[in-house]
Amino acid sequence: MSADTTSAIGPVKDASFDVDNPAPYIEAPRKRTGKTPRATRGNFEMAAWLFMRLSGVVLVVLVLGHLLIQLFLDGGVSKIGFAFVAGRWASPFWQVWDLLMLWLAMLHGANGLRTVINDYAERANTRLWLKGLLYTATVFTILLGTLVIFTFDPNIR
Amino acid sequence: MATPVLDKVEAESAASPYITVTFRIRRFNPEISDAVVWEDFQVSIDPKERVLDGLHKIKWDMDGTLTFRRSCAHGICGSDAMRINGKNRLACKTLIKDLNPEKPITVEPIKGLTVMKDLVVDMEPFFQAYRDVMPFLVTKGNEPTRERRQSAEDRERFDDTTKCILCAACTSSCPVFWNDGQYFGPAAIVNAHRFIFDSRDEAGEQRLEILNDKDGVWRCRTTFNCTDACPRGIEITKAIQEVKRALITRRF
């Protein structure tokens, strides 16, 4: 066995730490709290998980159909204008399509971002603020979009 | 002038199986410094030996301060899970020849748990999550005078998850657990699965309720890190999905 040990950096003796005064352990971020939080009765997390799967399937049809109509058929993107939108929203079918797409896409995206924030924002306060911002933006966009779809006036001046 | 005997000795030494391997180990000793350093050790070792043998050679012959856990050294006790070349494995089940010994072999403590010294981590949060899913048989009524009978098919249902040795290789390979230790983690869910699908057990509903919570199975992102890490070859991600399915189908 070769006896030479080559150190990449080598252990540096720090004068401020010794046997009686050890350095703090290297803690993992957000480690498990000593007491397990009390179980909450409720199926919110399951409902959110199921909603992601089901809305995802519906959104594939809605969004791909939307993109096809908007960008490819009948001359593609150049045809889009006020008149084109007004024409489509004259039909209740497209109103429902767009309304459904708006709600599902916003809730789907918001729930996805919620899980990302829960997973990655380390401090409780950061999570609170990010989620507050997320929910505000989601509610605002959904309400505004719904208002526009229902009160759209093609003869607006 | 060489005698035949010497020739034989020389031929044997030329055919020596030993090669020199560099072990690059992540060291942390709170009694010396609060800083983490990577230390290199040149070890002459037979490539058919295991990483644990290399660690033993270092601890016994080169640097006695190297600290790591191991008990049985044969892949059953689950003490020596560590991050070898960036992957969670048992040091006692990883052969040098399977690791590309030309390059330095990096050895780190498993992630997501508090590092106490060198490769030793605080396993308490891991075992706390394990205890929280009630990993024991719960039944009602009088105890039978004989054993609790079970058909071979009923036993087969949860056979895979009985193999767990609680080494924490799966839980400490899970990116959700790295970022939020409050997540129960794959190992706890595997051990809940072992009792939820046991026909003799009667607390499956309770365990499902525990795992239905915010930090339960719904935090699983199916990255399959746990299945890749498991030294026992348990299909962990599949077990977690089976618990999810049981939660969804139990009432509808």
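Buried area here is the accessible area, taken with a 1.4 Å probe, that two parts lose on being put together, summed over both. By that yardstick, chain B and chain A bury about 4200 Å² between them, with 53% of it on carbon and sulfur atoms. Keep in mind that this is a predicted model. Below is a quick tour of the interface, the salt bridges and the cysteines.

**The interface between chains B and A**

- On the residue count, chain B puts 47 residues into the contact and chain A puts in 46.
- Between the two chains you'll find 4 salt bridges, along with 14 residue pairs in polar contact, both partners at pLDDT 80 or more.
- On the chain B side, the elements that give two or more residues to the surface touching chain A are β2 (37–45), α2 (51–62), β6, α3 (124–132), α5 (175–179) and α9.
- The top contributor to that side is β2(B), with 7 residues.
- Sorted by character, the chain B residues that touch chain A come out as 21 nonpolar, 10 polar and 16 charged.

**Salt bridges across the interface**

- B:Arg219 pairs up with A:Asp119, and their closest N and O atoms are 2.6 Å apart. This one runs between chains: B:Arg219 sits in the loop between α7 (204–211) and α8 (225–229) of chain B, while A:Asp119 belongs to helix α3 (residues 92–120) of chain A.
- Both ends of that pair are tucked away: B:Arg219 counts as buried at 5% relative accessibility, and A:Asp119 counts as buried at 7%.
- B:Asp180 and A:Arg30 also meet in a salt bridge, at 2.9 Å from N to O.
- These two pairs don't stand alone, as A:Arg30, A:Asp119, B:Asp180, B:Lys214, B:Asp215, B:Arg219 and B:Arg221 are linked in a network of salt bridges.

**Salt bridges within chain B**

- Over all chains, the search of the whole structure turns up 29 salt bridges.
- One of them joins the side chains of B:Asp118 and B:Arg27, with 3.1 Å from N to O. B:Asp118 lies in the loop between β6 (115–117) and β7 (120–121), and B:Arg27 lies in strand β1 (residues 19–27), so this pair ties together parts of chain B that are 91 residues apart in sequence.
- B:Asp118 has a relative accessible area of just 1%, so it is buried; B:Arg27 is at 8% and counts as buried too.
- B:Glu209 forms a salt bridge with B:Arg250, the closest N and O atoms being 3.3 Å apart. Since B:Glu209 is in helix α7 and B:Arg250 is in the segment after α9 (236–249), the pair links parts of chain B that are 41 residues apart in sequence.
- Here the two ends are not alike in exposure: B:Glu209 is buried at 10% relative accessible area, whereas B:Arg250 is partly exposed at 22%.

**Cysteines**

- The disulfide count for the whole structure, over all chains, is 0.
- B:Cys174 is in no disulfide, and the nearest cysteine sulfur, on B:Cys226, is 6.6 Å away. That is outside the 2.5 Å cut-off for a disulfide.
- B:Cys174 is buried, with a relative accessible area of 9%.
- B:Cys230 is in no disulfide either, its nearest cysteine sulfur being that of B:Cys170, 6.4 Å away.
- B:Cys230 is likewise buried, at a relative accessible area of 14%.

Definitions and conventions. Residues numbered from 1 in each chain as written. Chains lettered and ligands numbered in written order. Predicted model: local features only at pLDDT ≥ 70, side-chain atom pairs only at ≥ 80, totals over all residues. Heavy atoms only, no water. Helix = DSSP H or I, 4+ residues; strand = E, 2+ residues; numbered from the N terminus. Buried < 20%, exposed > 50% of the residue type's maximum accessible area, 1.4 Å probe, protein only. Contact = heavy atoms within 4.5 Å. Polar contact = N/O pair within 3.5 Å; in protein donor to acceptor, adjacent residues only side chain to side chain. Nonpolar A, V, L, I, M, F, W, Y, C, P; charged D, E, K, R; others polar.
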